[in-house]
Amino acid sequence: MISNVATTSRQALARLSQPGKNTQGDDIFEVISKACAAGRKDLSLREIKHLYQDRFSRDIDVSTVSARVHALVKAKRLVHAAESRLCAWSERSVLPVSLAPTQPDLPY
């Protein structure tokens, strides 16, 4: 006999595992992409945090942003800037991130 808890747990897991559902890293990458497309050169972790909150209307810890950004840098989707600058929120010196340069497609 399967309990109600086991059934609802399986259903919840199935909803979370749907193909095409964005991960938190995908959401953070989207926030950074849109900011860069709007003219931002680079972003600090706190700037990403606040843009994420504006976009998704939910709080996210800076440590969570840091972990996702680290994974995106490791995956070569983001790069760290060569020089540090002051963060707009904390006014501390930070090494911001931006989109990794991409090679344009070659014509056939």
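## Burial and overall make-up

A residue is called buried here when its relative accessible area is under 20%, and exposed when that area is over 50%. By this criterion, 27% of the 108 residues of the protein count as buried. The model is a predicted one.

The protein has four helices and four strands. Read from the N terminus, the order of elements is α-α-α-α-β-β-β-β. Of the contacts between residues at least 6 apart in sequence, 46% join residues at least 24 apart.

## Helix α3

Helix α3 covers residues 45-56, which makes 12 residues. The expected span takes 1.5 Å times one less than the number of residues. For α3 this gives 16 Å, and the end C-alpha atoms are 16 Å apart, so the expected span and the model agree.

Which residues of α3 are buried? They are Glu47, Ile48, Lys49, Tyr52 and Phe56. The cover over these buried residues includes two helices, α2 (24-37) and α4 (62-74), as well as two strands, β2 (85-86) and β4 (97-99).

## Nonpolar core

In soluble globular proteins, nonpolar side chains tend to be buried together. In this model, the largest nonpolar core holds 16 residues. Ile28, Ile32, Ile48, Val69 and Leu78 are the residues with the most contacts inside this core. Elements that give two or more residues to the core are α2, α3 and α4, and α2 gives the most, with six residues.

Ile28 belongs to that group of core residues with the most contacts. Leaving out residues up to four places away in sequence, Ile28 touches Ile48, Tyr52, Ile60, Val65, Arg68, Val69 and Leu72. Two of these partners, Ile48 and Tyr52, are among the buried residues of α3.

## Largest pocket

The largest pocket contains about 160 Å³ of space. It is lined by 13 residues, and the closest to its centre are Ser44, Leu45, Arg46, Val94 and Leu95. Helices α3 and α4 are the elements that give two or more residues to the lining of this pocket.

## Loop residues with positive phi

Ser57 comes just after α3, in the loop between α3 and α4. Its phi is near 55°, a positive value in a residue other than glycine. Is Ser57 buried or exposed? Ser57 is exposed, because its relative accessible area of 67% is over the 50% cut-off.

Lys76 is found in the loop between α4 and β1 (78-80). Phi of Lys76 is near 65°, again positive in a residue other than glycine. At 68% relative accessibility, Lys76 also lies over the 50% cut-off and therefore counts as exposed.

## Cysteines

How many disulfides does a search of the whole structure find? The search finds zero. Cys36 has a relative accessibility of 18%, which is under the 20% cut-off, so Cys36 counts as buried. Cys87 is buried as well, with a relative accessible area of 3%.

Note on methods:
Residues numbered from 1 in each chain as written. Predicted model: local features only at pLDDT ≥ 70, side-chain atom pairs only at ≥ 80, totals over all residues. Heavy atoms only, no water. Disulfide = S-S within 2.5 Å. Buried < 20%, exposed > 50% of the residue type's maximum accessible area, 1.4 Å probe, protein only. Contact = heavy atoms within 4.5 Å. Core = buried A, V, L, I, M, F, W, Y, C linked by side-chain atoms within 4.5 Å. 1 Å grid on protein atoms, 1.4 Å probe; cavity = no way out; pocket = protein on both sides within 12 Å on 5 of 7 lines; lining within 4 Å. Points joined across faces, edges and corners; volume = space filled by probe spheres on them.
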